Amino acid sequence: MSSAAALIGALWRTSCRRRLHGAPRRSSDAPAQRKLVRSGEERKPVICIEGNIASGKTTCLEYFSRTSDIEVLTEPISKWRDVRGHNPLALMYQDPARWGITLQTYVQLTMLDRHLSAVAAPVRMMERSLYSAKYIFVENLYRSGKMPEVDFAVLSEWFEWITHNISIPVDLIVYLQTTPQTCYERLKQRCREEEKVIPMEYLEATHNLYEDWLIKQTAFPLPAPVLVIPADHDQQKMLQHYEENRERILAASGT
Ligand SMILES: Nc1ncnc2c1ncn2[C@@H]1O[C@H](COP(=O)(O)OP(=O)(O)O)[C@@H](O)[C@H]1O
Ligand SMILES: O=c1ccn([C@H]2C[C@H](O)[C@@H](COP(=O)(O)O)O2)c(=O)[nH]1
């Protein structure tokens with residue numbers, strides 16, 4: 001994979017991360033943790049756009065992609081739908097107990113690759129993260145009884161090894177906060193073949209996990225501060241919200 005080469009030249013180095021005053025402990029804040037970091041590259045701000053399925057993340061990224069100084073990375077969903085001729089996303093929705101670990105292993109790899117890829121512009125905005133793959137989707141499969149305990153244990157070991165040993169810088173999380181009902185309507189409108197089987201209960205479960213993680217901040221460590229943007233509004237209103245929040249987003253990323 002493209003970023004594997006980046007790791008080969010990586011250095012073991014003490015990772016001193018900025019810590020917001022009073023912010024909850026973050027997963028990447030292990031004291032004086034020596035982590036693998038990309039070498040030979042200036043550190044640039046990274047903003048992750050988080051939100052439930054069909055909440056409007058891609059649409060938000062499209063809007064910001066019109067700004068030349070921002071590099072936009074969407075989720076590598078085309079890979080999840082086609083790895084050497086197989087479709088692990090479709091398989092997972094057909095039989096989560098059998099294929100959940102297959103999809104989530106590949107999601108973890110491809111998201112890690114996204115995080116480690118060279119940043120081509122002064123600011124990076126990316127859709128979701130290694131963190132939400134684990135804290136929302138793996139967690140949901142496990143809690144709903146659709147992922148065997150051994151699969152959850154193996155994925156958790158991988159995740160913990162990665163986050164303890166590799167620096168995954170995130171400077172700001174922008175949470176597009178929707179109701180599950182809004183997502184259900186947008187999901188139906190988008191009509192992605194693999195997702196036709198998604199029931200409302202699935203969106204409620206992932207919504208609750210997002211809320212526990214990013215709003216109540218009780219479930220899992222936060223890798224970065226969170227900016228919440230209410231996202232149930234129509235497209236035009238959302239574009240206004242993005243414009244209103246542009247400075248806060250870019251300022252919070254340190255630019
Ligand atoms: N504010 C909005 N109001 C109505 N429909 C929207 C809005 N934002 C996005 N959509 C539509 O909802 C669907 C899902 O949006 P998308 O940006 O793909 O979400 P995500 O990337 O979070 O899955 C798409 O068909 C998109 O055109
Ligand atoms: O870790 C993950 C991340 C995503 N998915 C699924 C959920 C959706 O069906 C797609 C992503 O689509 P968005 O509409 O952009 O949220 O992939 C998953 O199963 N596991």
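These questions and answers go through a predicted model, its ligand shell, one annotated residue and its nonpolar cores.

Local features here need pLDDT of at least 70 and side-chain atom pairs count only at pLDDT 80 or more, while totals for chains, interfaces and linings use all residues. Residues are numbered from 1 along each chain as its sequence is written, with chains lettered from A and ligands numbered from 1 in the order in which they are written.

Trainee: Which residue does the UniProt annotation "active site" cover, and is that residue buried or exposed?

Mentor: The annotation comes from an unreviewed entry and covers Glu127; such annotations may be inferred rather than shown by experiment. A residue is buried if 20 or more other C-beta atoms, placed from the backbone, lie within 10 Å of its own, exposed if 12 or fewer, and partly exposed in between. Because Glu127 has 21 other C-beta atoms within 10 Å, Glu127 is buried.

Trainee: Which residues are closest to ligand 1?

Mentor: A residue is near a molecule if its C-beta atom lies within 6 Å of it. 15 residues surround ligand 1, and the closest are Gly56, Lys57, Thr58, Thr59 and Arg186.

Trainee: Which helix gives the largest share of the largest nonpolar core?

Mentor: A nonpolar core is a set of buried Ala, Val, Leu, Ile, Met, Phe, Trp, Tyr and Cys residues joined through C-beta atoms within 7 Å. The largest one has 48 residues, and Ile47, Cys48, Met125, Ile173, Val174 and Leu176 touch the most other members. Helices are DSSP runs (H or I, at least four residues), numbered from the N terminus. The largest share of this core, eight residues, comes from helix H6 (residues 130–143).

Definitions and conventions. Helices (H or I, at least four residues) and strands (E, at least two) are DSSP runs, numbered from the N terminus.
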